[in-house]
Amino acid sequence: MVLLAIDNAELAHGLHPLLDSARLTLQAGERIGLIGRNGSGKSSLLQIIAGHGMLDGGEIRRADALHMVLVEQEPELPAAASLHDSLALRGGLAAISDERERWRLDARMAACLQRFGLDGGRSPATCSGGECKRAALALAFALQPDLLLLDEPTNHLDIAGITLLEDWLLRGGPHSAIVITHDRAFLDRVATRIVELDRGLLRSYPGNFAAYEARKADELAAEEKANRRFDKFWAQEEVWIRKGVEARRTRNEGRVLRLEALRVERAVRRERMGNVRLALSAGERSGKLVAELEDVSKSLGTRTVVRNLDLRVMRGDRIGLIGANGAGKTTLIKLILGELPPDAGTVRLGSNLRVAYFDQLRTQLDPERTLADTISPGSEWVETAGGRKHVMSYLGDFLFPPQRAQAKVSILSGGERNRLLLARLFAQPANLLVLDEPTNDLDIESLELLEDTLQSYSGTLLLVSHDRAFLDNVVTQTLAAEGDGRWKEYVGGYSDWLAQRLQTPAPADVAPAKVSPAEKAPRQAGARSKLSYREQRELGQLPDELEALEREQAELTARMAGADYHRQGAAQLKSDGERLAEIESLLDEKFMRWSELDQRAAQAAGA
C-alpha cells in the first residue's frame with residue numbers, strides 16, 4: 001500500500017533549488033533514512049510531508065486518513081503545570097471525544113514517558129534540550145501514527161536513549177517512518193531504504209547505510225568518468241569553433257547548434273557540494289604524561305559524579321568517554337584539564353600542553369561577531385598547519401563562500417556553527433584536543449572527513465560522543481560511566497566496550513548505579529525482569545493481536561454506522577454491541593500487558 005507519493009516536486013530557497021523535479025514513493029512498512037548534505041533541504045522536505053509547508057510546484061499525495069506525527073530537531077513543549085499536561089496539549093488529547101480512547105492514549109503516554117526515563121509530573125520549563133526531545137519522542141510513539149517523521153532524533157540522546165529508540169522502531173513502534181539522521185549505526189540497524197537528497201533530486205537505495213555506501217561509491221565514480229568525458233568533448237568543440245576564418249567558413253550549422261547545446265548543458269550541471277578540507281597540527285609535542293588523577297572524587301550538589309578515580313592519560317592516547325546524559329562526562333573532562341578542582345584526590349597535569357576545546361554548547365562562538373573575525377580577530381591571515389592562509393581562503397576550506405565572511409554567527413545553522421568552531425579550533429596547533437559532542441548537526445561526509453583527520457592526528461584526544469560508529473573509528477580506549485560516580489577504562493571503541501561489558505560481571509561490592517529509568521538497570525530489577533520462554537512468545541504475539549483487534553473494531557464500527565444497519569435485527573444488534581464492548585476491554589487489557597512485558601524485556605536487555 002502506498003502511503004505517500006511525491007511527483008515532480010519543486011522547492012527553491014536561494015540560488016539553487018532544494019527540490020528539482022524530485023520524486024519519491026513510500027510503501028507501508030518502509031523505514032526510510034533520509035540523508036544529504038547540510039542545507040540540502042531535508043528538513044524542509046519533512047515539514048512539507050507533514051503538511052507544515054507547501055511545494056513551489058509538483059504534487060504530494062497522501063493515503064486517505066493517513067495519521068502522521070513529526071518530531072522536529074528542537075521540539076517545543078507547550079507551557080503547562082506538568083510535562084504530562086504539556087504533552088497532552090501538544091498531542092491534542094482534549095480534542096478526542098471518546099473518553100475510553102482518551103484514557104487509553106493517556107495510559108500509553110504515561111508508559112512511554114517512563115520508558116524514556118522521564119517524570120510526567122515535573123515542570124516542562126525545567127527540561128533540557130535532550131529531555132524535550134525524549135518527551136516529544138515518547139508522545140509520538142504513544143500516538144501510534146501510520147507514518148512517523150523524525151528530524152535528527154539522535155541529537156541530544158545518549159547511547160541508551162538511541163538504542164531504546166532503535167528497539168522501539170524495530171519492535172513496538174509504527175510500521176513506517178522517515179528519519180533524517182547522520183548516525184550511521186542507527187541507519188544500519190533501522191533503515192530498510194536510504195533516500196539521498198542530492199542536488200535537488202531524491203535518489204533511492206534499497207537496504208541500510210552500508211549497502212548505500214557500496215552502491216554510492218560506484219555511482220560517483222561513474223558520474224565523475226562521464227563528466228570528464230563530456231568536458232573533454234566540449235573542450236574539443238570549443239577549440240574547433242575558435243580555429244579562425246578558414247574554420248568558420250567550413251563549419252556546419254549542425255555542429256554549431258550542438259556546441260551551443262553542450263554549453264547550456266554544462267552551465268546547468270550542478271556539481272556535488274565540495275568537502276570540508278581539514279588539517280590539524282599537534283605542533284610542539286607535550287610531555288609524555290598528559291594528566292594523572294589519583295583517587296579523585298567530585299560531587300555536584302548531593303550527587304557524586306566521579307568517585308575514587310585513578311586515571312593516567314599519556315601522550316597519543318585517544319580516549320572516548322561514554323555515559324548516560326548527566327553521568328558527568330563534561331565534569332570529568334574539566335577535572336582532567338585542571339579547570340575544575342576535585343573534592344578529594346589529586347590531579348597532576350603534564351608539561352607543555354596546548355589545548356583546543358570543542359564544547360557541545362558552542363559557547364566559544366559570539367553570535368554578534370562575523371565569521372572572519374571569529375576565525376582571525378584583527379587580521380586577514382590565519383597561521384595553519386600548512387602555512388599562512390588568507391582568512392577568505394581558510395573559510396572556503398570549511399565551505400563558507402567569501403560573500404558570507406562578514407555575516408554574523410547568529411544566522412548560521414547548527415551544522416554551520418559546528419564547522420565554524422572546527423575551523424576556529426584547527427587554525428592553531430594543539431597537542432591536546434578535547435571534542436565534546438562534535439558530531440551533532442554534521443552531515444555524514446563531514447563526519448567521515450573529521451574521522452580521517454583525527455586518525456592521522458599525532459596529539460592526545462579526549463572525545464565525548466554518542467555516535468557509535470564515530471567512536472569505533474577514532475578512539476583506542478574507552479572510559480565508561482559505571483554508575484554511582486564510578487568510571488572504568490576499556491580497550492578499544494564502543495563495540496569493544498560493549499563486548500567486554502557483556503562478558504564482565506559487575507563487582508559485588510559496587511553500589512547499584514543511579515541511572516535513569518530509560519536505562520532500566522537490571523541490577524535493580526533482579527531476576528524478575530527476565531522473561532520466561534512463554535512470556536517472550538506472548539510479547540512477540542501481542543502486537544499482531546492488538547492490530548487484529550483494532551482492525552476488527554474499525555470494521556465493526558464502520559458496519560454499525562451504515563445507513564441500513566438497523567435492519568439487521570435485534571439479535572445481531574445486541575451481538576455486535578457486546579462484541580464491540582468485549583474488543584475495547586481486550587484492547588485495554590492487552591495493551592497494559594504489552595507495556596508490562598516490553599518494559600521487563602528492556603530491563604533484561606540492559607543486563
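Q: Contact means heavy atoms within 4.5 Å. Among contacts between residues at least 6 apart in sequence, what share joins residues at least 24 apart?
A: This is a predicted model: local features need pLDDT of at least 70, side-chain atom pairs count only at pLDDT 80 or more, and totals for chains, interfaces and linings use all residues. Residues are numbered from 1 along each chain as its sequence is written, and side-chain values use heavy atoms, without hydrogens or water. Among contacts between residues at least 6 apart, the share joining residues at least 24 apart is 68%.

Q: How many helices and strands does the protein have?
A: Both are DSSP runs, numbered from the N terminus: helices are H or I, at least four residues, and strands are E, at least two. The protein has 19 helices and 20 strands.

Q: What percentage of the residues count as buried?
A: Buried means under 20% relative accessible area, exposed over 50%, partly exposed in between (1.4 Å probe, protein chains only). The protein has 607 residues. The buried part is 47%.

Q: Which residues have the most contacts inside the largest nonpolar core?
A: A nonpolar core is a set of buried Ala, Val, Leu, Ile, Met, Phe, Trp, Tyr and Cys residues joined through side-chain atoms within 4.5 Å. The largest has 48 residues, and its largest share, nine residues, comes from helix 4. Another core, of 44 residues, lies apart from it and includes I322 and L425. In the largest core, the residues with the most contacts are F116, F141, L148 and L169.

Q: Which residues of helix 2 are buried?
A: Helix 2 spans residues 83-91. The cover over its buried residues includes helix 3 (99-115) and helix 4 (129-142). Just after helix 2, G92 takes a positive phi of about 70°. The buried residues of helix 2 are L83, H84, S86, L87 and A88.

Q: Which strands stand at the edges of the open sheet with the order 2-1-4?
A: This sheet has three strands with antiparallel pairing; two strands pair if DSSP finds at least two bridges between them. Strand 1 (residues 2-12) and strand 4 pair over five bridges, and I60 in strand 4 is the bridge partner of I6. Each edge strand has a single partner, so one side of each is left without a neighbour in the sheet. The edge strands are strand 2 and strand 4.

Q: At what angle does helix 1 run to strand 1?
A: Helix 1 (residues 42-49) lies across strand 1, strand 2 and strand 4. Axes are lines fitted to C-alpha atoms, for helices over the stretch in contact, and angles run from 0 to 180 degrees between N-to-C directions. The angle to strand 1 is about 130°.

Q: Why does the salt bridge between R193 and E30 tie together distant parts of the sequence, and how many residues apart are they?
A: A salt bridge is a side-chain nitrogen of Lys or Arg within 4 Å of a carboxyl oxygen of Asp or Glu; here N and O are 2.8 Å apart. R193 lies in strand 8 (residues 193-198) and E30 in the loop between strand 2 (17-27) and strand 3 (31-35), so the tied parts are apart in sequence by 163 residues.

Q: Which residues are linked with D183 in a network of salt bridges?
A: D183 pairs with R468, the closest N and O atoms being 3.5 Å apart. D183 lies in the loop between strand 7 (176-180) and helix 6 (184-190) and R468 in helix 15 (residues 468-474), so the pair ties parts 285 residues apart in sequence. Both D183 and R468 are buried. Linked with D183 in the network are E166, D167, R189 and R468.
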